Amino acid sequence: MKAIFNIIAVLFFIHAGAQDTAGRYFLARTTGKLPFLEYGLGDDRLGGAKMTYLDSNIILKVVDSFGIDYKVQLSKYHTAYIDKQSVQRLPGKKPAPYYLTGSWKVSGDSAYDYVSINLDEKLPYRSQQQINPSKIVLDIFGATSNTNWITQLKTTKEIKNVYYEQTEDDVFRVTVELKHAQHWGHSIYYDTTGKRLVLQVKRQPLLLDIKKLRIAVDAGHGGDNSGASGVSSNVLEKEYTLKIAKQLQLLLSKAGVKKVFMTRTIDTTLDMPQRIQMLKDYNPDLLISIHLNSAGSDTVKGTSTYYRYIGYRPLTISVLNQMLSLGLKEYGNVGNFNFSLNGPTAYPNCLVEVAFLSNRGDEKKILDPKFHKAVARKIYLGIQDWLKAIK
Ligand SMILES: [Zn+2]
């Protein structure tokens, strides 16, 4: 009896596995909140290295299955991984033999520039910021050029030039040269026609005056998620990130910044997708996220700032330089960081890990209300330094 059951179990397993593997594939579309691709199956405490967030309804070819992730074939030589919950299977749908790009339009409205690209299908993409000179590079996977017409209108303000190259048979690379050195953000989505990919480019504000900017301040953790705790005091990170964030809010308001957005002002639970969505809805010009660090060893100490995209590094350096004048040790400026709120490309963002709660010297500072004001002041001055350096 047991043997028969085992055979049935094995047959079932083979059948279940064969749907996802062994040279077979199925098509699916992205679904749910904030689907994203990862480069590989690597993981750290913040998840794997992310390749890109994707719009919903993007078509993906699922070729394999690994635990909670599907492996997807983006193009002949490129694969990525996506959470199974972020895709919806398309039973019976077959891929077209090829997908073509059509004509483009480069234009602007009162706030943004746009590059709109006609495509046969909602294909996956990824983007990258480049600096010196500043460019946005957008790869569209599975696309082959039939673009013979790029209309460029005078309403465009920030985009200097656009061009493409077919870097592989099925990878179409769009390059967008920007006028200003500073990246102010970009978003990628399919418009309501469903077959037009839009790269929306944020312009540099006409007046680089902090008072005119929409500044978002995020107090890390909150509610059920208390974060790190003090090595000798046991105070919770979530309480002190909020104290510092509120000081920054107060200081910005006093300095004449009219539009300050706080992801939270009370002790409440907010997960990362919720924060990202709130920020997307608010549409800030820049984001400062405040955390307190913690390490396994109590000798590790100091202040640090973090970015994910190279175009946002200058803000994080200006803030770090100011923070260092508080007498904190330099823990460093960290790039390519996988923190969720460094993930959006739509606005410059900076994570500030003020100091270490796990170090006695740093903890003593963190407990002092005067220090919260001083940190707020340094972050404010860091933003000001960054603005002054922008050409
Ligand atoms: Zn934290």
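**Chatting about helix H6 and strand S15**

Q: How far apart are the end C-alpha atoms of helix H6 (residues 369–389), and why does that agree with its 21 residues?
A: They are 31 Å apart, which agrees because 21 residues at 1.5 Å a residue should span 30 Å. The expected span is 1.5 Å times one less than the number of residues. Helices here are DSSP runs of H or I with at least four residues, strands are E runs of at least two, and both are numbered from the N terminus.

Q: Is this model predicted, and what does that change?
A: This is a predicted model, where local features need pLDDT of at least 70, side-chain atom pairs count only at pLDDT 80 or more, and totals for chains, interfaces and linings use all residues. Residues are numbered from 1 along each chain as its sequence is written, and side-chain values use heavy atoms, leaving out hydrogens and water.

Q: Back to H6, which residues are buried?
A: Among them are Phe371, His372, Val375, Ile379, Ile383 and Trp386. Buried means under 20% relative accessible area, with a 1.4 Å probe and protein chains only.

Q: What covers them?
A: The cover includes helix H2 (237–254), strand S20 (286–293), helix H4 (313–324), strand S23 (349–356) and helix H5 (360–366). Contact means heavy atoms within 4.5 Å.

Q: New topic: how many residues of strand S15 are buried?
A: Seven of the eight residues in S15 (residues 171–178) are buried.

Q: Which way does strand S11 run against S15?
A: S11 (residues 135–141) is antiparallel to S15, with seven bridges joining them. Strands pair if DSSP finds at least two bridges between them.

Q: And what joins S14 to S15?
A: A hairpin does, through two residues.

Note on methods:
Buried < 20%, exposed > 50% of the residue type's maximum accessible area, 1.4 Å probe, protein only.
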